[in-house]
Every structure is written in structure tokens, then in C-alpha cells.
Amino acid sequence: MILNSKIPEGPLQEKWNNYKKTAKLVNPANRKKLDVIVVGTGLAGSSIAASLGEMGYNVKAFCFQDSPRRAHSVAAQGGVNAAKNYKNDGDSVYRMFVDTLKGGDFRAREANVYRLAECSLSLIDQAVAQGVPFGREYGGYLDNRSFGGVQVSRTFYSRGQTGQQLLLGAYQALMRQVGKKTVSLFSRHEMLDLVVIEGKARGIIVRNLDTGAIERHAAHAVVLATGGYGKIYYLSTLAMGCNGSAIWRAHKKGAMMASPSWIQIHPTSLPQSGDYQSKLTLMSESLRNDGRIWVPLKKGDIRKPNDIPEEERDYYLERKYPAFGNLAPRDISSRAAKERIDAGFGIGPLKNAVYLDFSKAIGEQGQQKIKEKYGNLFDMYLKITGYNAYKEPMMISPSAHFSMGGLWVDYELMTTLKGLFALGEANFADHGANRLGANSLLQASVDGYFIAPYTLANYLSEEIHTGKISVQHLAFEKAEAAVKAQIQRLLDIKGHKTVDYYHKTLGKLLYDYCGLARNESGLKYAIGEISKLKASFYKNVRIPGTGEQMNAELEKAGRLADYFEIGTLMCYDALTRRESCGAHFREEYQTPEGEAMRNDADFQFISVWKWTGENQVPEFIKETLNFEEIQPILRSYK
């Protein structure tokens, strides 16, 4: 199969403008004849639902939370990137494009990455107009700070709660349209299947999580904005409810997955402190602007950090990557931390962390200035750990965080299924093999506010005469029957082990063999073990209650059933990519210094996967990456 990425003609700087000039439109009077389903109400989902509602389309928005305000976009802390060059430090759209492409290890499309940087300019103006309280300088101008992987200050922030503030702006826009009745909001509803009619996405099957009722909903197009699948590792920075089921159910109906093994391990999470935990806490990467990362020079050093003199500390990021130091990209910083921890230099009760030290910054700037920048993060650290980071270093550790992989989409953000679009972290499109910090909020917002409204209209222009899609169609009947059969299958097992037992086991297996580092024998072993674990799950799991009521264990079981299959695909993907790039570090392919060894000659492509059936080896397809503007270079931060 040949994949058509639909990249517009013309120079890189003109591609998006050229697309918008020629994209088909829908007359305002015709928009009310068209229905669109949006699944997910985080930044990407809320922004596209609000935008389409304001344009006059009939929109149904679904989320499994009790309110869109609880979407996981709220957890993003450090900021959102935009190439405004307010600091006059040499930033530009082109420099941001280069930083993002390089940061992703040249494993993304040039056209998509340039569009991301180009649209970043408009996002800040949009957010300010919505009332997002970005940090400001003394004179009232918007302030910026730097983030990992760049040498300019382009990150706009709202202390350590930027995601929350941006989400509140999108939520306001969404609820305005709900009030105007252009958007119907269905909270506490989970998508369980996609309905495809004659090759087009025409609706979804959902479960009302409060009553257990199975419902059918039809539309002319479906938008998935359901985030990533990093919770597959169980311990991650993601909330317990985050999952990959919506995109996976769509994958099994024909939407292909791309680069599923590219999952980012964030360098600044709070370390695991015991087996009782269900998640780890993210500490914003912005802390690395002023915090210095180090470990003791002596293995197994049990002294308190303030008792270890300067000459007996190893500031390993500053030592190994002097040009970027503590602002080295996430993948490099996480691997460097793991290397020190594995070598016996880890700190903390479980020896699984490194120090993030603010003593130098406090000495130079004063505690009040640090408090103004990061006060809520320091308060959060104190509440969780009991330690005062103003007086002694934080303890941090790498943790599963963001999925660069997701549903394959073309330039229009449409999947290989006509009428099915994927936005934000649900698609693979903009970040390559590694996401730079503060580009996540950017992609989600840009997809929803500035890209999908054009590309959806281009698609919907051909649906004006289709008429209403009926939920009585045989395809809806079959999809609903399949959903009910899977629910009953899970409830009928009546085993003796919990869903969490299997999730924890799967998560540890993937972290050990398809996490920060991978190798051929480990990946093959993991594929076999996941198969055994899945078989045990369907034989021994126990789910109390019924399907006709609120049942959190049933929800978790359905999502975990998908995780077994996603985890297997992750391992296949990692196995076929015999190079090290970005978040994908194959131990067989590294330099003598332990750095990633990319192979552009053989692997300059996106790995795309087609579902071939349960317990079958998936079909592997390549989307070749062509670089016209800049040629891939050695990714060095030294």
C-alpha cells in the first residue's frame, strides 16, 4: 500500500498558505446540515469542538471525565512554545522549525513541523484574547523562558500551570458553544468502537459510564483527540484514566498506527517510592532552567545532599553536553539519568533518583525570584515528599510521559480511514522520535484552532448531499453487538486476579524491555511474555459487578485488553527499527561514548502498521521521509 501524505506543492514556507488558498469550503447555510463527532475534550478536542461549533456545524463532544476541565491537558506545567522572538535573542519560525526537526532526530515530515512553528505565532494571540494569564515582565510584556533542546527563550508560561490555564481558555470557548446549542456535550461517556460504512468513519459506539447503557452516535466525520497511551507502563506521569483505547479501536477498523514504539520518558518526575503507587508526579521541565542536575561522585553515597561538597558532585549533563548542559533534550537527559542510576550513583531511599539543585540560582537571584517562577511546583514537591526544595535539592527520576507515536495522519490530519481525523497526541505527526518540551500544548492547540477547521471543511464539502447518517444502519448494529460481546466476555471470566495486577506486570515488562533502552533479544522476549500475560488475563482476571451499572474495574479491563495489543505492536515496531533515534535507543546501535547512532541510509522513514487480526503479526509499511529544506545532521548537544 502506498501512503499519500498530501503535502502541498510549493516552497516549504508557502505550503500551508497554498493549502488554505485552494481548500474547499462549506457554505454557512450548509454547515448546519453536517454532523461532527469529537472524542476527547482536552486542548485538542475542546478547541476543535468550539471552533466547529462557532462555524455552525452540529457537534457532539464526548469525554469519559465528569467535566472537560478534568482532561489531562490540565497536567502540563512548564509552558507553550511560540517563535515570537520577544527576547530578541535570534528566534524565528525557521529556527523553531529546525529545533523541532532536530529535536525529533529528523524523523518527522518537514511540512508538518514547519506548519507547527508557523501557526505558533497565532496561538499566543488567541490565548491572550481568551484571558490566559501568561507570565509577564515588570513592564507588562509577555515573558518567556527557555526549555530543553533550544538555545533561545520561546516558551510562554503561566507559572507551573500552563496546561490548566490554556485548557480553561478552550473550555470557556467550548461551553459557550454548548450554551448556544451548536455543541452537545456528553460527559462520562467512553468510546468503545468506531463505526465504518463503505470505507468512511460514520459514528461511534459509546458506553454511559454512570448507567452502563450502550449508545449509538452517527456523524459525517469523526475526530479523535484522546491523547496518548503512555499509561501502558502503569507508572507514568499520566492520570489513571488516560488510555489508548479510542485510537486502538479505530486502528482495528482500518486506521493505521505510526511509530508506536516512540514513547517519551520525561527526565523530571518524582521517583517511585513504593509498590503502592498508581502514578508518578511530573515536575515541570522548566525547573531545569535554574536547577542543576547532579549525583555524588562516589557510589552508594548516603550523606545528605547539603553535606556533599561541590568537588564531590558530578554535574553529569554539564559535563557530557556543555553546549546545552541541564537543558539537553528530554530523551538524552533521561538516558543520562538512567545510566548514572544503573551505574550505582542513584540517590534517595530506593537509589532510583538524581538531584535537581537550586542552591546556585537562589544564591544569585534570591529565593523570592525563584518562588515567583516555580512557587506552585515547590509547594507541590513539599506536600508530596515532605522536603523543602528551597533548602535542599529535589529528587527526580525518569518516567513514562508522552507518546510521539499514534494514528498515522496525512497533512490534513486525516487517518487512512476517510472521515476519521486524529488531533494532538492521538496522532504521530509533528514530533518525530522525540518531543521537545512545551511543544505538546502547542500541537494540541494548533491542531484544534488553526488546522483542522480548514481540513475538516475540505472533507465535509463533499458530504453536503449525503443526508443524515442513520444509527439504524447494519454497521452500527454489528459494532454494538461486538462491544456488548467483549464486555460480556470480560465479565464472564470470574478469575481471581485484579486488573491492576496485570497492568503492573505489563508495565514493568515494557519498561524493562521497551522503555529507555531496547535490544533485539529483550524485545522478542517481551512479545512472548505479553502473549502469555494476555492469555492469563482472559483466563484469570476477576471483574466484580455487572455491565449495567457504574463499573470502574470493567472500564480498566477494557483498556488493558487494548494495552496488551498496543504493547505487542510497540515491541514489533522497536524490533524492526535497527537504529537509535530520539526516544528509541537500541543498545546494539550506539557510539563508543554511549550516544545514539542514527541510520539515515536505511531508516529515514516513518514506520506504519496495519492491523491483520488478533494474535497475527501486523503488516509493516514505510512512509519515506524526504528532506528538501535541511539535510539531517548529527544530533549533537555537546
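A pocket, as the term is used here, is an open set of grid points with protein on both sides within 12 Å along at least five of seven lines, and its lining residues are those that have an atom within 4 Å of a point. In this predicted model, the largest pocket is lined by 28 residues, and those nearest its centre are Leu235, Gln272, Lys508, Tyr511 and Asp512.

## Overall form

The protein has 17 helices and 19 strands. Its radius of gyration is 24 Å, close to the 26 Å that the globule rule gives for 638 residues, so the protein is as compact as a globular protein of that length. Taken along the principal axes, the C-alpha atoms fill a box of roughly 75 × 60 × 50 Å.

An unreviewed UniProt entry places the feature "domain: FAD-dependent oxidoreductase 2 FAD-binding" at residues 35–441. Over residues 35–441 the chain is 29% helix and 20% strand, with the end C-alpha atoms 27 Å apart.

## Pockets and cavities

The table gives the volume and the lining classes of the two largest pockets and of the two cavities of 30 Å³ or more.

| Space | Volume | Nonpolar lining | Polar lining | Charged lining |
|---|---|---|---|---|
| Largest pocket | about 740 Å³ | 12 residues | eight residues | eight residues |
| Second largest pocket | about 470 Å³ | nine residues | three residues | 12 residues |
| Largest cavity | about 830 Å³ | 21 residues | 22 residues | five residues |
| Second largest cavity | about 40 Å³ | four residues | two residues | two residues |

### The two pockets

The space in the largest pocket amounts to about 740 Å³. Helix 9 (330–345), strand 15 (394–403) and helix 14 (499–513) are the elements that give two or more residues to its lining. Helix 14 supplies the largest share, six residues. Both domain 1 (30–262 + 404–606) and domain 2 (267–399) contribute to the lining of the largest pocket, with at least three residues from each.

The second largest pocket has a volume of about 470 Å³. Its lining comprises 24 residues, and Leu192, Arg249, Lys252, Gln486 and Asp562 are the closest to its centre. Two or more lining residues come from each of strand 6 (189–197), helix 7 (245–252), helix 13 (474–491) and helix 16 (552–576). Helix 16 gives the most, with seven residues. By class, the lining of the second largest pocket holds 12 charged, nine nonpolar and three polar residues.

### The two cavities

A cavity differs in definition from a pocket: a 1.4 Å probe fits at its points but cannot get out. The count comes to two cavities of 30 Å³ or more.

The largest cavity holds about 830 Å³ of space. Of its 48 lining residues, His72, Ser73, Gly227, Gly228 and Glu425 are the closest to the centre. The elements that give two or more residues to this lining are helix 3 (43–55), strand 6, helix 7, strand 15 and helix 12 (440–460). Among these, helix 12 gives the most, with four residues. Domain 1 and domain 2 both give residues to the lining of the largest cavity, so this cavity lies between them.

The second largest cavity has a volume of about 40 Å³. It is lined by Ile263, Ile265, Asp331, Arg335, Gly515, Leu516, Gly582 and Ala583. Strand 11 and helix 9 each supply at least two of the lining residues.

## Strand pairing

Strand 11 and strand 15, which appear in the linings described above, also belong to an open sheet of five strands in the order 11-15-14-12-13, with antiparallel pairing. Strand 11 (263–269) and strand 13 (313–314) stand at the edges and have a single partner strand each, so one side of each is left without a neighbour in the sheet. Within this sheet, strand 14 (residues 354–357) pairs with strand 15 in the antiparallel sense over three bridges. There, valine 354 stands opposite isoleucine 396 in strand 15.

Another antiparallel pairing joins strand 7 (residues 200–208) and strand 8 (residues 214–218) over five bridges. Arginine 207 stands opposite isoleucine 214 in strand 8. These two strands form a hairpin with five residues between them, and glycine 212 in the turn has a positive phi of about 85°.

Definitions and conventions. Residues are numbered from 1 along each chain as its sequence is written. This is a predicted model: local features need pLDDT of at least 70, side-chain atom pairs count only at pLDDT 80 or more; totals for chains, interfaces and linings use all residues. Side-chain values use heavy atoms; hydrogens and water are left out. On a 1 Å grid over the protein atoms alone, a cavity is a set of points where a 1.4 Å probe fits but cannot get out, and a pocket is an open set with protein on both sides within 12 Å along at least five of seven lines; lining residues have an atom within 4 Å of a point. Grid points are joined across faces, edges and corners, and a volume is the space filled by probe spheres set on the points. Ala, Val, Leu, Ile, Met, Phe, Trp, Tyr, Cys and Pro count as nonpolar, Asp, Glu, Lys and Arg as charged, and the others, Gly among them, as polar. Domain bounds come from an automatic or database domain assignment. UniProt positions are given in the numbering used here, feature names are shortened, and annotations may be inferred rather than shown by experiment. Two strands pair if DSSP finds at least two bridges between them. The radius of gyration is taken over C-alpha atoms; the globule rule is 2.2 Å times the number of residues to the power 0.38.
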